[in-house]
Structures are given as structure tokens and as C-alpha cells.
Protein chains: 2
Amino acid sequence: SEQFQELNVADFFYKNKDLVGFDSPHKATYMIVRELVENSLDACDGHKILPDVRVTLSKVEGDGGQERYHIKIVDNGIGVPLEAVPYAFGKVLFGSKYSMRQNRGTFGLGGKMSILYGQITANSRVTITTSQGGSKVYTFELSTDIRTNTPVIYRRDEADNKSHFRGVKIEFDFEGDYGKARDKIIEYFYETAMILPYAQLTFIDPNGTLLFYPRITEKMPTPPVETQPHPHGVDLELLKRMMAANPHTSLQVFLSKNFQRVGERTAKAFLKSNGFDPHMEVSQLSTKQLTKLVTALREYPDFLPPDPSCLSPIGEELLREGIKRLLSPEHVVVTTRPARAYEGNPFIVEVGIAYGGAIMPPDKPGKVQLYRFANKIPLLYDEYSDVSMAVIQNINWNQYKVKLDEAPIAFITHICSTKVPYKTAGKEYVAARPEVEREIDLAIKQAARELRVQLSRMEKAEYRERR
Amino acid sequence: SEQFQELNVADFFYKNKDLVGFDSPHKATYMIVRELVENSLDACDGHKILPDVRVTLSKVEGDGGQERYHIKIVDNGIGVPLEAVPYAFGKVLFGSKYSMRQNRGTFGLGGKMSILYGQITANSRVTITTSQGGSKVYTFELSTDIRTNTPVIYRRDEADNKSHFRGVKIEFDFEGDYGKARDKIIEYFYETAMILPYAQLTFIDPNGTLLFYPRITEKMPTPPVETQPHPHGVDLELLKRMMAANPHTSLQVFLSKNFQRVGERTAKAFLKSNGFDPHMEVSQLSTKQLTKLVTALREYPDFLPPDPSCLSPIGEELLREGIKRLLSPEHVVVTTRPARAYEGNPFIVEVGIAYGGAIMPPDKPGKVQLYRFANKIPLLYDEYSDVSMAVIQNINWNQYKVKLDEAPIAFITHICSTKVPYKTAGKEYVAARPEVEREIDLAIKQAARELRVQLSRMEKAEYRERR
Ligand SMILES: Nc1ncnc2c1ncn2[C@@H]1O[C@H](COP(=O)(O)OP(=O)(O)OP(=O)(O)O)[C@@H](O)[C@H]1O
Ligand SMILES: Nc1ncnc2c1ncn2[C@@H]1O[C@H](COP(=O)(O)OP(=O)(O)OP(=O)(O)O)[C@@H](O)[C@H]1O
Ligand SMILES: [Mg+2]
Ligand SMILES: [Mg+2]
């Protein structure tokens, strides 16, 4: 007969680490570096701090078998408040990225899975040193009790912040495979530097190699601002939670206070046109009226599209500069689509096409040079499953005078959103949400048209020269 | 500044339902049918019960907007014990499939996500009727409190089991899109019937169409038996938990009692050759010795390979019959690989190649006809990301005298394991674990060689005829 069991969420992800991208020692090595770097970058550019992130990966004595490494990462971000430290690093599904604004982090899982991997493979505790720039610096030594999903604190020290440190330092051991992961890790830093010219990145690898990307500008984009849900993204659960918080508000005030792009006048017009009394108290709505309201909100065409101030695109100038620096092409075309939404989640698509110069034609048919980014994170896995690749492969390139199998062409795509539709909890690639797919398609075609103009202009010039 | 928050696991999956495969109304419609059918089939063939599963999907009045459906599924499985019902259907990460044997279910999530989808989109409660064949039948009306991940019981009735019902009946409403999901749902039943000739499947769709697959044999494979972990799959967390349960056992007895394929003699030989005292009490091991023990267990070459009695392959005869019935080919070749393991998880790969007859060549280059199964579940999504497709596309088919783009050929793959390395929590496709990839590769090549023999035999016969 069946044995019933409740699984704690930390236990679930420990047993199913494949679902979070930790499915082999080399992949785990990559994931650990990227998850920690992404946390550090969020702590910097999410707070208008010019990032300075330093990672050291060194080989240490193992038990034989898998190779063992020590990772150390230091950043100059906003640090973590004292009381949150054990949970931020020791409790799965705990974090500060559950808000409605663009962040690299989103699940409350990545940093913990990295630390947990060290705990399971190398019996390593994690040492966290942090300060928020105050007079004190705190150091914790932690691990996670997987079966109860609670942090275990072995040590907690407080010291005077003599060096005025602000940020986070994390250290732990884990078993991995840097040899196999190296190319991807180097690529990850390279592509991150490409789109973040305001960041200083330092990586010292187990071979003693120093990878250093200096800051080349002090100009930083405005950090995104938290926003409210858009009515097109509402569902019954969300509406019920909002109403539970404000049961005695009138419908009209309730809508205007809880949703973006809904002022009192818009709320009134919406309610009247859908047969609701604007002055009715929300707690008075019957269940039938609730579901009717959800459908009406999702379908009402006259709400303004979502407010993009919760987003932070790379920007055309920075993207163009980054592509030139990374790929040394002869031609660069960059396109930004207007802000759209899928299920009420605002998103912006930015695309670049680079042509000629140092770019080589593909080495075999069917191969496409594509650099993918999501919320300023380089995506280096599963490219042939990604929506951007599918879009590029489905375009009829003849009409742009491009032979995809022979042209010295490279594509760059960036999707930024309050909720990137990742297919996996390891953020490996982006699912083909119709609204997102459409914007990537339009952006690539727009850029392709512009490229064709540039190429034919150049052909004409060369033609005249030869005559 | 950052706002810290703890997210309940039900809330996490509600907000990230894309990660569980519920990323659009038509996909959700498919997922709901498959998750419920898989639960019913597990409740039958996991207990040597000839399955009789009946699904009815009907259209009901919605609020306008998305189409609304009512789903009803009835099975003749073992039913659910009374005290477990609210949790089995109302608590995320609760189930009976966390054991070390082959089941369709594995995460403790699928049925709940389906029911939750109905709750969120149609404000629907779920009605569960069950009996384990006793004198009583129980009916529950439930929903899930997402923020606390606890079931909410609205109604609980008990009645005399006059009709001697044994099994489960589930009913709820949800918003979906059957029009778009129909082809995949029909295919799902078709392929399930192909490999389960002992199952009776009934599906009545919203158009009133009846899909009926009668049982065509009463022969059923032996249900898999729960086994213990294999030493090659141990990690520190697992070892610590085993030791916490038996702190005063000697190392030798501890290993032989807690692992499969480790008798006391093997344990003694292993311990001595790795410098451990077989009579030492497990609680006496230092942390350093613990990690050394883990590595030694994972690497010791002289443990027998995992015991496959925890697995239940389709079987060559049943697979051959099913392929013939489904595809009406001229030639069928079927291969079973020996039981192997990845990370201590036993798995078996079964492969079929069907050629000629009713099978058509691909309608465009690069397309491959592939039917994938994992733990007897048909996989109908993301085929070009799946390990089986990658293996087939990477084989040099010239040496088997097959032109993949022109041949009337179809492939069938089945991977069964105590833990199928799914890439996503929606079980959409299988990741390319090296050990699994290798077995699929060897199986396909073995079948291809056999096919070539059959084809050249036929060519010779035809040649002789023509002379
Ligand atoms: N270097 C850091 N500086 C400041 N805060 C940090 C740092 N690293 C982690 N944190 C805090 O710890 C939280 C948890 O991090 P974790 O990586 O586990 O999840 P996340 O980043 O929120 O989401 P994701 O799983 O998508 O990465 C973060 O939300 C952040 O508040
Ligand atoms: N039709 C059924 N008959 C008997 N037991 C059932 C049935 N449906 C669900 N259950 C029980 O409820 C549990 C939870 O089901 P659920 O689908 O949520 O998770 P699971 O099947 O264990 O794993 P997965 O998420 O992989 O499907 C099952 O493990 C099983 O014990
Ligand atoms: Mg993170
Ligand atoms: Mg299930």
C-alpha cells in the first residue's frame, strides 16, 4: 500500500536539483558562479551603485574523486540587513526579489541552491560577511537544515567596520569540475561585461588566471521602480488577496489604488461598462461577481498598456557599444520594441544584429550565432530550445538578402521583464510566450530591414569605386 | 531598500506555474488531463489492478472570455485512505510517490497543480469521491489555501459503499482551450493505449466524441517493488539521515542494512579496502571520515549494479505489439538495454524502430518521427530538446543504409527509472544525462543494425523474385 509523505520545499529541491540546473558537477560549477554574481549585481545596480564584483575560485584538497573548489565572492552592494542574513542564505524560497520590478533574481532559490550544493558535496558551511555601510560588520557561519528548511547558525560575530565595508562576502567549498565549466564561465563574464560597461568584474580562476573587466563608464541606467500589477494580469487569487487587505473600500477606489494604469475615472468607466456599481463595497461582491470582475479586468481594452518604469533595458547606445566591443563587426543595428505585457507582466525586447568585420560565417549549416540575455543575465544553455532561436530560424531570410548559413552575422537579444517567462528554475532559456515571441520577431525583422539598407548602401559605394 | 519575504511552496508554484508546464490555457488543458490520468494509472498498475480509467471533459457556462470546462475522471484503482485525502489533493509536495520505485508520479505536485488551476481560473472547488473497497465511500469538497499550503474542507460525507466502488472520482471546473489542446490530448490517449494493452481507457470530449480503447489482454507486468538506495547514489545528506536513524550500528551492519547490493561480506571488503574499521559505530565517524566514506561508496567498483526489480519496463513483446498496432509498419525491431544507473538511480532503456508499411517518409528535411515515453508516460512536448531526439540526430545513419530525411522510419523510446531525469517539473522532456544518453545511443544502434539485416534480407528476396 502507498506510504504518504509531506516533503519540505528544501528537501524537494535537494532531491530534484536537476530542475534548478544543478545536474552535473560542471554545470553546478557554472551555476554557482552565475547565481552568486547575479545576486551581487542586483545588490549594486538595483541600488544605483557602480558594481565592483570579485570572484576567486581556487582548487582545494578533496577526498579524491570529484575535484573540490573554494569560492569567494565580494561585492560592494547594499549588503544584507542583520536579521535577514540567516534566512537569505539558509532558507529556500526566501528573498527580496518577489516584488514587481525587474531583477536578475526572481525565485528566492539560486543563492541557496549554490550554498546547499557545497553543503551536500563537500560538507561545507558557508561564511557570510556583510555590512550595510554602518559602524558594524557581521560574520555568520551557516548551513541549512534541509528537512525543516531552516538556517543553522554556528557562529555570529560582530566587529567594528573599520574599513567602511558595504556589501557582501561569501565563501564556501564545493565539488565541481572547472575544466569542463571553464569556457562557459569565461563566456559568462565576457557577455556580462559586454552589456554592463559600468561594472568592474574580477575573476581569478583555479589556474591562477586573472580575468579583469574594468569599468569603462560611470553612467548607469536608472534602477527600475516597483510597480503595482496591471489589470490584464489579474487572477482570482490575486484579487481575493487584494480585497482581503481592503474589504470596505468601494470598487472604484479599490481598483484605482491596487492596479497600475487605473485612475478613478478609468475605474469608473470600466465598472459602469461592465455592469458594476462603482460605489459598491468590495466585500459585498458575490463569488459569481468576483469571477466576472476578473474576466472583465483581463479583457478591458481601454486600460493603458503597462508602465515600463519597473523595467531597466540595456539601452540602445550601451547595447551598440557593447556589441562593437564584443564582436568587432563592420555593421551594427540595434532595435528596441515598445513596452508590452504578457499576463499583465510588462516586458521590453531589445535586439541587435552584427554583420561582417570580425564575425565569421557559421562553421556548419543550421548553426546560428546568437547571444541571448534576459534581465541583463547572459543565457548560455539550451539555445536551440529558446524562443529567440526559434524566431530567428523561422524568419524567411531571403527577403532580407541574407543567407543564414553563409552570412557573417550574429544576433543579440535581450528580454527584460518583471517576470521573464523562463522555462526552468535554472533560468536556462526562455519559453515561447506568444506576446514575447511576437515582439522578438518584429524586432529582428526591423533590425534586418535596417541592416539590408546599410549593406546595399555599402554595395553601391563599392560599385561606384570599382567603376 | 529590499523587502524580504518568505514564500510558501504553494504560492511559489502558483506564481511560477510556467515551471510546472501550465503556461497557457491550451497547455493547462492538456496538463490537467495527463496529470489526472497518470495518477489513476499509478493507482491501478502499481497495484496489479487492470486499469479502467474514464475521463469526461465537457463545456460549461463561463463568464465570457476563456472557455470553461468541467472535468470528471473515475478510476478503479486502490483509492486513497480517508485521512490522506485532503492532503493528497490539497497540499503541494504531498504524495506517496517519494519512494524508490518506478511510478509515473514523482514530485507530489501534478494533481494539485491541476486542481489549483481550476481554483484560480474558475473559482472551482474540487470534489473527490473515494473508497479503498471497504464498506464506506467518502466524498470531500476541497480547495487549497495557497498562502499556507493547507487544504480547506468544505464538505466531508460518508456513505455506505453499496456499489462496492474502489478507486477515485475527481471533478472540478477550469478555464482552458480544448480546441488547441485536442490533437495532443487525443495523441496522449492513443500512445498510452499503445503501450498499455491491459488498460481500458475512455475519453468523452466537449464535442461529445467518444474515444474508447478496450482492454486487449489481461496479462499485466509485475508491479515494481520499492528498493533501497544504491551506494553509487549516496551523498552526505542521505548518509547523515541514515545514520541519524541508526547511530549505534556498526559500519558493516549499517551499510548492509541501508543499501541495496551490499551484503555484510561486501560491506566488510569495501570498508577494509578503504581503511575503515567494519566494527566501528557509525556515530563515531568524524566529519572528515564521513565525506571520505561518501566518496568511497560512490567510487567503489565492486558493488553489483542496481537491482532492477524496482523498475517495470514495457517489455519487448508488448512494445512490439503496440508498435504494430499503432503504426502498422512492415518491419519492427525492438531492443532492451540491461539495467544501468545514474547517480545510483536504476534505469532501463527500451527502443523500437518501425519501418515501411503505413509509415510515411518525413514531410520535410530535419523532421524525425519519434514517439517518446518515460515511466510509461507519453511525452508530447519539446521533442527537439529531448535526449532521445539528440541521440537519433547525432547518429551517422549512412552506415545503417538509412537516409533519415527520406526513409519511412519511426523511432520509439522508453526510459524507465526510479527517477527519470526530467528537465522540467512539467515532465515535458528528458535531460541528456550521459549514462542515459549512452544507453539510448547503444539501443538505437543495436536496433538499426537489426533493421538493416531485415531490410537486406527483404531486398535479396525481392531481387530473386524479379529474376
Ligand atoms: N550579494 C548579495 N547582496 C545583497 N543581498 C543578497 C546578496 N546575495 C543574496 N542576497 C539576498 O538574498 C536573497 C536570496 O538570494 P537567492 O539567490 O537565494 O534568491 P533570489 O536572488 O531572490 O532569486 P533567484 O533564485 O532567482 O536567484 C536575495 O533576494 C537578496 O535579498
Ligand atoms: N486517482 C488516484 N488514486 C489513488 N491515489 C491518488 C490518485 N490521485 C492522486 N493520488 C494520490 O495523491 C498523491 C498526490 O498526487 P499528485 O499528482 O499531486 O502527486 P504525485 O502523483 O505523487 O507526483 P507528480 O507531481 O509527479 O504527479 C499521489 O502520490 C497519490 O498518493
Ligand atoms: Mg539569486
Ligand atoms: Mg501525479
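Here are some worked exercises on the structure above, from its ligand to its chain interface.

Before you start: this is a predicted model, where local features need pLDDT of at least 70, side-chain atom pairs count only at pLDDT 80 or more, and totals for chains, interfaces and linings use all residues. Residues are numbered from 1 along each chain as its sequence is written, chains are lettered from A and ligands numbered from 1 in the order in which they are written, and side-chain values use heavy atoms, with hydrogens and water left out.

**Exercise 1.** Work out where ligand 1 lies and which residues come nearest.

*Solution.* Start with the chains: ligand 1 lies between A and B. Next, look at the residues around ligand 1, 24 of them, where "near" means that a heavy atom lies within 4 Å. A:Ser96, A:Thr106, A:Leu109, A:Gly110 and A:Lys427 come nearest. Now sort the shell by type: nine residues are nonpolar, ten polar and five charged. For that sorting, Ala, Val, Leu, Ile, Met, Phe, Trp, Tyr, Cys and Pro are nonpolar, Asp, Glu, Lys and Arg are charged, and the others, Gly among them, are polar.

**Exercise 2.** Find polar atoms that sit by oxygen atoms of ligand 1, then say how much of the ligand the protein buries.

*Solution.* Take the side chain first: a polar atom of A:Asn39 lies 2.9 Å from a ligand oxygen. Then go to the backbone, where a polar atom of A:Thr106 is 2.6 Å from an oxygen of ligand 1. A:Gly110 also brings a backbone N or O atom, at 2.7 Å from a ligand oxygen. As for area, ligand 1 taken alone exposes 590 Å², and the protein buries 97% of that (Shrake-Rupley method, 1.4 Å probe).

Last step, the elements: helix H2 (25–45), helix H3 (85–90), strand E4 (94–95) and helix H4 (110–122) of chain A each give two or more residues to the shell. H2(A) gives the most, with four residues. These are DSSP runs numbered from the N terminus, with helices (H or I) of at least four residues and strands (E) of at least two.

**Exercise 3.** Is A:Ser96 buried or exposed, and what does its side chain pair with?

*Solution.* Place it first: A:Ser96 is in the loop between E4 and H4 of chain A. A:Ser96 counts as buried because its relative accessibility is 13%, and the cut-offs are under 20% for buried, over 50% for exposed and partly exposed in between (1.4 Å probe, protein chains only). Its side chain makes a polar contact of 2.5 Å with the side chain of B:Glu2. A polar contact is a pair of N or O atoms within 3.5 Å; within protein, one must be able to donate a hydrogen and the other to accept it, and residues adjacent in sequence count only if both atoms are side-chain atoms. Not counting residues up to four places away in sequence, A:Ser96 touches B:Glu2, B:Gln3 and B:Phe4 (heavy atoms within 4.5 Å).

**Exercise 4.** How much area do chains A and B bury between them?

*Solution.* Count contacts first: 66 residues of chain A meet 66 residues of chain B. The buried area is about 5700 Å², 52% of it on carbon and sulfur atoms; that is the accessible area (1.4 Å probe) lost on putting the two parts together, summed over both. On the chain A side, A:Glu2, A:Phe4 and A:Arg241 lose the most area to chain B, together 12% of what that side buries.
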